[in-house]
Amino acid sequence: MTPFFSALCWLSVYLVLVLAPLFVLLTGSVPAGSGFWWDFSMALGFTGMAMMGVQFFLTARFRHVSAPFGIDIIYYFHRYLALMAFGLIFLHFLIIRIDNVEALGVINPLQASWYMTAGRASLMLFALLIITSLWRKPLRIHYDEWRMLHIGLAVAAFLLALGHIEGVGYYIDAPAKRWLWSGYTLFWVLLIVYVRLIKPWQMHHRPYRVTEVRQERSNSWTLALEPDGHEGMRFKPGQFAWLTLRESPWHVKEHPFSFSSSAARQDRLEFTIKELGDFTRTIKETQIGEIAYLDGPYGAFSVDRYRGAPGFVFIAGGVGAAPIVSILSTLADRHEHRPLWFIYSNNCWEDVIFREALETLKERLDLRLIHVLAEPPTGWKGETGFITQALLRKALPSDMKKYEYFLCGPKPMSDAVQQELHTLQVPLGKVHFELFDMV
Ligand SMILES: Cc1cc2nc3c(=O)[nH]c(=O)nc-3n(C[C@H](O)[C@H](O)[C@H](O)COP(=O)(O)OP(=O)(O)OC[C@H]3O[C@@H](n4cnc5c(N)ncnc54)[C@H](O)[C@@H]3O)c2cc1C
């Protein structure tokens with residue numbers, strides 16, 4: 001199945017999962033209702049809840065689901081759908097608040113029915129979930145703590161909302177409907193069990209051992225891992241995996257890194273990691289023989305999705321070259337003959353990670369390597385400054401529109417280069433990018 005049809009199928013599954021409960025609840029005998037606004041508010045509540053339930057499915061990292069889109073797109077989808085779902089649930093509350101305030105009962109939890117308190121608490125937790133996710137950085141919440149908070153809030157808000165629906169019992173009092181809603185609930189609970197318990201257990205049984213920690217330029221380190229008692233991981237060049245070091249897989253302290261080694265070797269996996277924060281600064285302390293766990297491979301940033309392309313153009317900045325080096329090494333191992341361009345932007349010559357490896361790859365491939373330095377050393381004869389339209393025109397052939405483009409680097413660079421390519425009339429569908437940031 002092509003990625004397009006696969007994507008279409010998953011979108012249909014999504015719509016069915018969200019809308020089916022609503023239609024089933026409206027079949028057969030339904031309560032008399034209290035007018036349009038009341039019924040509309042109920043429909044909004046059920047749809048919002050079904051959407052919130054599917055959120056767990058979206059972040060469960062099922063490879064077949066994420067493959068046609070790329071997991072970064074799935075996370076964006078997750079974020080915007082959460083906003084929509086929250087909007088629907090809030091409207092559900094607001095309409096009743098305006099149209100039928102006495103149905104809400106008293107606010108004091110000591111006097112109110114437990115299920116109405118559960119509904120109100122759920123709404124507040126959902127709001128907190130959204131606020132801490134949208135404004136994590138300004139609120140200065142560390143990523144790892146945010147992740148724990150996010151999971152805790154999501155599960156608590158969701159269970160409270162389910163309690164609210166069960167307690168109110170409106171629309172789900174017929175046995176068949178109660179079964180359907182209970183089945184849905186069970187499905188979501190099993191999903192949480194799978195993601196938080198079973199999947200880590202599977203990772204625990206497929207450990208990797210650190211076999212090398214190599215210093216690279218620009219405060220970066222390459223970590224080599226070998227499978228311990230299993231055949232390793234088959235991945236597509238350009239993909240990434242979530243790495244857990246010095247923790248059990250049940251701790252949600254994993255970090256995503258692109259493979260920087262050739263996909264032709266699944267028995268030795270390499271990741272090149274730049275020191276940036278709490279976790280990445282400890283990579284250099286990793287001991288040979290230490291156990292690591294991997295969840296992957298993920299990502300749609302791969303030349304293997306465009307096997308018929310006449311050639312490829314890669315554009316990266318700094319450690320963004322990691323997936324590109326994996327792609328180039330794989331292509332070299334596959335004796336690739338198609339023309340390739342790699343425009344690699346760095347601050348200064350001493351910052352250029354993979355410098356020697358790229359020279360070796362140049363000898364094995366039909367590769368034009370263009371280094372661009374923001375602060376060039378004296379006597380530098382190569383390109384300088386930023387990747388501009390003029391530079392792209394000069395570096396790339398006149399038929400540049402027919403190639404597939406892969407960009408990986410800081411967001412400002414990625415945005416600027418996408419804009420330049422757009423101006424140069426490179427079709428949008430031919431430009432693929434990976435951002436080293438998910439939230
Ligand atoms: C698809 C993908 C591929 C990546 N590949 C590479 C690579 O090959 N080499 C490389 O050096 N870096 C890569 N990164 C970036 C790397 O994951 C982060 O630099 C690292 O997780 C930062 O962790 P920290 O604790 O050191 O920094 P912190 O100071 O804790 O975090 C800095 C920022 O990194 C992001 N981040 C932190 N932890 C996570 C996490 N667990 N999951 C997602 N984002 C997180 C957050 O936006 C955070 O604000 C990649 C990121 C993504 C999303």
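Which helices each supply at least two residues of the nonpolar patch? In this predicted model, the answer is α4, running from 71 to 99, and α5, running from 114 to 134. The patch itself is built from Y76, Y80, L83, I131, L134, W135 and L139, and it covers about 650 Å² of surface. Helix α4 takes the largest share, with three residues. Y80, for one, sits in helix α4.

Stepping back to the overall fold, the protein carries eleven helices and twelve strands. Its C-alpha trace spans about 80 × 50 × 40 Å along the principal axes. Of the 439 residues, 50% count as buried. One of the buried residues is Y344, at 0% relative accessibility, and its place is in strand β8, which covers residues 340-346. As a gauge of distance across the model, the C-alpha atoms of Y344 and T132 are separated by 36 Å, with the two positions 212 residues apart along the chain.

Next comes the ligand. There are 26 residues around the ligand, and E254, P256, K274, T280 and D437 are the ones that come nearest. Several polar approaches can be picked out. H142 places a polar side-chain atom 3.3 Å from an oxygen atom of the ligand. With S258 the backbone is involved instead: an N or O atom there lies 3.1 Å from a nitrogen atom of the ligand. F279 also uses a backbone N or O atom, at 3.1 Å from an oxygen atom of the ligand. Taken alone, the ligand would expose 880 Å², and the protein buries 91% of that area. As for secondary structure, two or more residues of the surrounding shell come from each of β4 (255-258) and β5 (269-274). Strand β4 gives the most, with four residues.

Charge pairing turns up in many places, with 28 salt bridges found in a search of the whole structure. One of them involves E254, already met among the residues that come nearest to the ligand. The side chain of E254 meets that of R61, with N and O 2.7 Å apart. R61 lies in the loop between α2 (36-58) and α3 (63-66), while E254 lies in the loop between β3 (240-245) and β4, so this pair ties together parts of the chain that are 193 residues apart in sequence. Both R61 and E254 are buried.

A second salt bridge joins D228 and R209, whose closest N and O atoms are 2.9 Å apart. D228 belongs to the loop between β2 (220-227) and β3, and R209 to strand β1 (residues 208-216), so the parts tied together here are 19 residues apart in sequence. Neither partner of this bridge counts as buried: D228 is partly exposed at 30% relative accessibility, and R209 is partly exposed with a relative accessible area of 35%.

Strand β1 also takes part in a third pairing, this time through E212. The side chains of E212 and R268 meet in a salt bridge of 2.6 Å, N to O. With R268 in the loop between β4 and β5 and E212 in strand β1, the pair links distant parts of the chain, 56 residues apart. The two ends differ in their surroundings: R268 counts as buried at 17% relative accessibility, whereas E212 is partly exposed, with a relative accessible area of 25%. The pairing is also part of something wider, in that salt bridges with shared partners join E212, R214, E216, E226, R268 and E270 into one network.

What about the cysteines? A disulfide is a covalent bond between the sulfur atoms of two cysteines. A search of the whole structure finds zero disulfides. C408 shows why in its own case: the closest cysteine sulfur, in C348, is 19 Å from the sulfur of C408, too far for a bond, given that a disulfide calls for cysteine sulfur atoms within 2.5 Å. C408 is buried, with a relative accessible area of 1%. Another cysteine, C9, counts as partly exposed, at 39% relative accessibility.

How values were computed: Residues numbered from 1 in each chain as written. Predicted model: local features only at pLDDT ≥ 70, side-chain atom pairs only at ≥ 80, totals over all residues. Heavy atoms only, no water. Buried < 20%, exposed > 50% of the residue type's maximum accessible area, 1.4 Å probe, protein only. Patch = residues over 30% accessible without salt bridge, like charges linked within 9 Å, V, L, I, M, F, W, Y side chains within 5 Å. Areas by Shrake-Rupley, 256 points an atom, 1.4 Å probe, with all protein chains shown as cover. Salt bridge = Lys/Arg side-chain N within 4 Å of Asp/Glu carboxyl O. Near = heavy atom within 4 Å. Polar contact = N/O pair within 3.5 Å; in protein donor to acceptor, adjacent residues only side chain to side chain.
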